[in-house]
Amino acid sequence: QVQLVESGGGLVQPGGSLRLSCAASGSRFSLYVMGWWRQAPGKQRESVAAVTSGGITTYTNSVKGRFTISRDNTKNTAYLQMNNVEPEDTAVYYCKANVPSQDGPGGVYWGQGTQVTVSS
């Protein structure tokens, strides 16, 4: 069982910055594919960004050039740096881990979510 704990959410003004963190349990963190998803009120949950075990990153179009996903395998932590935020970025942000069945059981795990509100 992998536990994910997000932090760093809050209220930020349009054009501002915020960094989300996702601390993961487990000894195989370097193998996890880590992702950030978000869900705005009345909308479906959507993928925002992901980073593979090899460091390859992908982003949804609406955040390209503004958000950066990264990971620190020494700290078992993934990050989402959010710059130049917009009101449309307001949502609950969730961390997701895809754990491969390599050297142990695999599975998909979610954090509890952290609220990001962009407002002046």
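Colleague: Buried here means under 20% relative accessible area. With that in mind, is cysteine 95 buried or exposed?

Modeller: Cysteine 95 is buried, because its relative accessible area is 1%. Keep in mind that this is a predicted model.

Colleague: OK. And which residue does cysteine 95 form a disulfide with?

Modeller: Its partner is cysteine 22, with 2.0 Å from S to S. That is the one disulfide in the structure. Cysteine 22 is in strand S3 (residues 18–24) and cysteine 95 in strand S9, so the link ties together parts that lie 73 residues apart in sequence. Cysteine 22 is buried too, at a relative accessible area of 0%.

Colleague: What about the handedness of the link between cysteine 22 and cysteine 95?

Modeller: Left-handed, with -80 degrees about the S-S bond.

Colleague: Let's stay with S9 for a moment. Which way do S4 and S9 run relative to each other, parallel or antiparallel?

Modeller: Antiparallel, with seven bridges between S4 (residues 33–39) and S9 (residues 91–99). One pair to look at is glutamine 39, whose bridge partner in S9 is valine 92.

Colleague: And how many bridges does S4 make with S5?

Modeller: Five, again in the antiparallel sense, with S5 covering residues 46–51. Methionine 34 pairs with valine 51 there. S4 and S5 make a hairpin with six residues in between, and glycine 42 in that turn has a positive phi of about 75 degrees.

Colleague: Switching to side chains. Where does arginine 71 sit?

Modeller: Arginine 71 is in strand S7. At a relative accessible area of 17%, arginine 71 counts as buried, because the cut-off is 20%.

Colleague: Which backbone oxygens do the polar atoms of its side chain come up against?

Modeller: A polar atom of the arginine 71 side chain lies 2.7 Å from the backbone oxygen of phenylalanine 29. For the backbone oxygen of valine 51, the distance is 3.5 Å. Setting aside neighbours within four places in sequence, the contacts of arginine 71 include Phe29, Tyr32, Met34, Val51 and Thr77. So Met34 and Val51, the bridge partners from S4 and S5, both touch arginine 71.

Colleague: How far is arginine 71 from threonine 117?

Modeller: They are 23 Å apart, C-alpha to C-alpha, and 46 residues apart in sequence.

Colleague: Now asparagine 76. Which loop is that in?

Modeller: The one between strand S7 (67–72) and strand S8 (77–82). Asparagine 76 counts as buried, with 18% relative accessibility. Its side chain reaches the backbone oxygen of glycine 26 at 2.8 Å. Leaving out residues up to four places away in sequence, asparagine 76 touches several residues, among them Cys22, Gly26 and Phe29.

Colleague: Zooming out, how many helices and strands are there?

Modeller: Zero helices and 11 strands in the protein chain.

Colleague: And how does the radius of gyration fit a compact globule?

Modeller: It agrees: a compact globule of 120 residues would be near 14 Å, and the protein chain has 14 Å. The C-alpha trace spans about 50 × 25 × 25 Å along its principal axes.

Colleague: What share of the residues is buried, and how much accessible surface is there?

Modeller: 41% of the 120 residues count as buried. The accessible surface is about 6,200 Å², with 47% of it belonging to carbon and sulfur atoms.

Key: Residues are numbered from 1 along each chain as its sequence is written. This is a predicted model: local features need pLDDT of at least 70, side-chain atom pairs count only at pLDDT 80 or more; totals for chains, interfaces and linings use all residues. Side-chain values use heavy atoms; hydrogens and water are left out. Two strands pair if DSSP finds at least two bridges between them. Helices (H or I, at least four residues) and strands (E, at least two) are DSSP runs, numbered from the N terminus. A disulfide is a pair of cysteine sulfur atoms within 2.5 Å. Buried means under 20% relative accessible area, exposed over 50%, partly exposed in between (1.4 Å probe, protein chains only). A polar contact is a pair of N or O atoms within 3.5 Å; within protein, one must be able to donate a hydrogen and the other to accept it, and residues adjacent in sequence count only if both atoms are side-chain atoms. Contact means heavy atoms within 4.5 Å. The radius of gyration is taken over C-alpha atoms; the globule rule is 2.2 Å times the number of residues to the power 0.38. Accessible areas come from the Shrake-Rupley method with a 1.4 Å probe; for residues, only the protein chains shown count as cover.
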